[in-house]
Amino acid sequence: MVEGITCSSPEALTGQHAFGTDRDEPECPACKSRSLASLRTVSAREAAQFFAPERADAESHERIFACVTSLWGGQTCHIMSCRDCGFGFAWPFVAGNAEFYNFTGAAGVYPRSKWEFARTAAEVERLNRPGAKVLEVGAGNGYFLDLICPSLVRAEDVIALEYNEKSIPILRGKGYQALSVDLRDKALDGYRASFDFIFLFQIVEHLDGLDELFGRIRSLLKAGGSAFCAVPNQARIEYQEANRSVPDLPPNHIGRWTPQAFEAVCRRNGLMAQSAELEPLSWGEFLSHDISYSHIRRTQLDPDGIIARIRSLPRGRTRRLMEAALAALFIPTRLSAWRHAYRNREKLGASLWVRLDRCERPDIAELQDAELAPAVTAGSSSPAESEAMFS
Ligand SMILES: [Zn+2]
């Protein structure tokens, strides 16, 4: 019932790219605009307390504090919002590194099914590419790949990138080629124009070096190929932060994506944002996350209180039961937030999903984009809504 905070995607997929460390002149990493608003400032101590509470593990807490201070080149990071494309981002725009993810104790627990898995599988089926070669970045235990293999893609045509050592033998056992490298690693240089489809689920929000990332995606796609990304829905993050649920802090997530931000970064990198859809709100998913995240937030806001003390007990059945009972006790305090969520249910699905197509002539990508923007579709959304997502 009471879940941990997802803090997966090892640096891993990112390597270190210290873009955006010039504190004096922040610019939007997605569209390069300098028309920005500062939403809040996060201190390194707050981040350390969030990712590794001092009471639970003082050594990890201090390591995270030192690590985050080093990543930011100081003890503060600003959460900015771009007035032009809506991209929310950490400034300095720097991803977590291996040390950060090691000390946050990411458990490597992967959901077996997610809305974006089914949505992408349906799109792959619709695109009907027999013999397709595919690449998944951050494949976990391969649960998405299992949906498309072998019915749509042969296992031998799959390359899975994954940093979790425990997942590599699982992926290989399913017949996928599993590599423990960054998408931008030289090991993939030989795969130019090799893939029909590239998948990145809950990955992009962890990454910096956006031009390098999206340029690489384009170079790895075949002509006519598509990449599929799912990222946390910005409106859901805003709901959480406005309603005493867990905030979305760097350097774990450093980007809060919008369709317009994808469009801008694609335009510079020879890709075209073809469609964007919000996950329909699932009340089961929403309520279970809201109950557990607001419980976790209570422990963060009162680190010496009884709830935090219980959460710092050794993991096990007793702690789990006590936490579930405590979380249930506070349900009445969530009702007004849930009423707000009900009124905004059209916007509060967990994920934003996009399909990005390779443009054949990057020099005219911008022109193509402008011409084709009205044709953007949003699947289950109405045409008017889908245009709105890119306007
Ligand atoms: Zn922007």
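Two residues are in contact if their C-beta atoms, placed from the backbone, lie within 7 Å. Keep that cut-off in mind for the stops below.

**Start: the whole chain**

Load the full chain and colour by pLDDT. This is a predicted model. The mean pLDDT of the chain is 86, with 85% of its residues at 70 or more. Now select residues 1-22. Here the pLDDT is below 50, and the stretch has 69 contacts in the model beyond near neighbours in sequence. Do likewise with residues 364-391. The pLDDT is below 50 there too, and this stretch has 37 contacts beyond near neighbours in sequence.

Switch to cartoon. You should count 15 helices and 11 strands. Of the 391 residues, 45% count as buried. Among contacts with a separation of 6 or more, 78% come from residues 24 or more positions apart.

**Stop 1: the seven-stranded sheet**

Show the strands in the order β6-β5-β4-β7-β8-β11-β10. Together they make an open sheet with mixed pairing. Select β6 (177-179) and β10 (271-278) to find its edges. Each has a single partner strand, so one side of each lacks a neighbour in the sheet. Neighbouring strands of this sheet are turned by 15° against each other on average, direction ignored.

**Stop 2: strand β7 and its partners**

Select residues 195-201, strand β7. Is this strand buried or exposed? Seven of its seven residues are buried, so β7 is largely enclosed by the rest of the structure.

Add residues 134-137, strand β4. Four bridges join β4 to β7, and the two run parallel. For a landmark, find valine 137, which stands opposite leucine 200 in β7.

Now add residues 221-232, strand β8. β7 and β8 pair in the parallel sense over six bridges. Phenylalanine 195 stands opposite leucine 221 in β8. Further along, phenylalanine 197 faces serine 226 in β8 as its opposite number. To follow the connection, show helix α7 (residues 210-220): the chain crosses from β7 through α7 to β8, and this β-α-β crossover is right-handed.

Return to the β7-β8 pair, which is joined in the parallel sense over six bridges. Then show helix α4 (residues 115-127), which packs on the sheet and touches β7, β8, β10 and β11 (351-358). The direction of α4 makes about 30° with that of β11.

**Stop 3: leucine 348**

Centre on leucine 348, in the loop between α13 (335-343) and β11. Why does this loop residue count as buried? Leucine 348 has 20 C-beta neighbours inside 10 Å, and a residue is buried if 20 or more lie within that distance.

Which residues does leucine 348 touch, leaving out those up to four places away in sequence? Select Ala235, Arg236, Tyr239, Leu281, Phe286 and Ala341. Draw a C-alpha to C-alpha distance from leucine 348 to alanine 235. The two are 113 residues apart in sequence and 6.0 Å apart in space.

**Stop 4: two crossing helices**

Select α10 (residues 283-301) and α12 (residues 317-329). They pack at an angle of about 100°, with their axes 9 Å apart. The two helices are therefore roughly perpendicular to each other. Show side chains where they meet: Ile291, Ser292 and His295 in α10, against Glu323, Leu326 and Ala327 in α12.

**Stop 5: the four-stranded sheet**

Move to the strands ordered β1-β2-β3-β9. They form an open sheet with antiparallel pairing. Its edges are β1 (36-43) and β9 (255-256), each with a single partner strand, so one side of each is left without a neighbour in the sheet.

Which strand does β9 run antiparallel to? Select β3 (residues 88-91), joined to β9 by two bridges. Within this pair, glycine 88 has arginine 256 in β9 as its bridge partner.

**Last stop: helix α9**

Select residues 259-268, helix α9. How many of its 10 residues are buried? Nine are, so the helix is largely enclosed by the rest of the structure. The buried set is Pro259, Gln260, Ala261, Phe262, Glu263, Ala264, Val265, Cys266 and Arg267. Finish on glycine 270, just after α9. Its phi is positive, about 70°.

Methods:
Residues numbered from 1 in each chain as written. Predicted model: local features only at pLDDT ≥ 70, side-chain atom pairs only at ≥ 80, totals over all residues. Buried ≥ 20, exposed ≤ 12 C-beta atoms within 10 Å, placed from the backbone. Pairing = 2+ DSSP bridges. Axes fitted to C-alpha atoms, helices over the stretch in contact; angles between N-to-C directions. pLDDT = per-residue confidence, 0-100. Right-handed = clockwise from strand over helix to strand, strands pointing away. Parallel < 35°, antiparallel > 145°, perpendicular 65-115°, else oblique.
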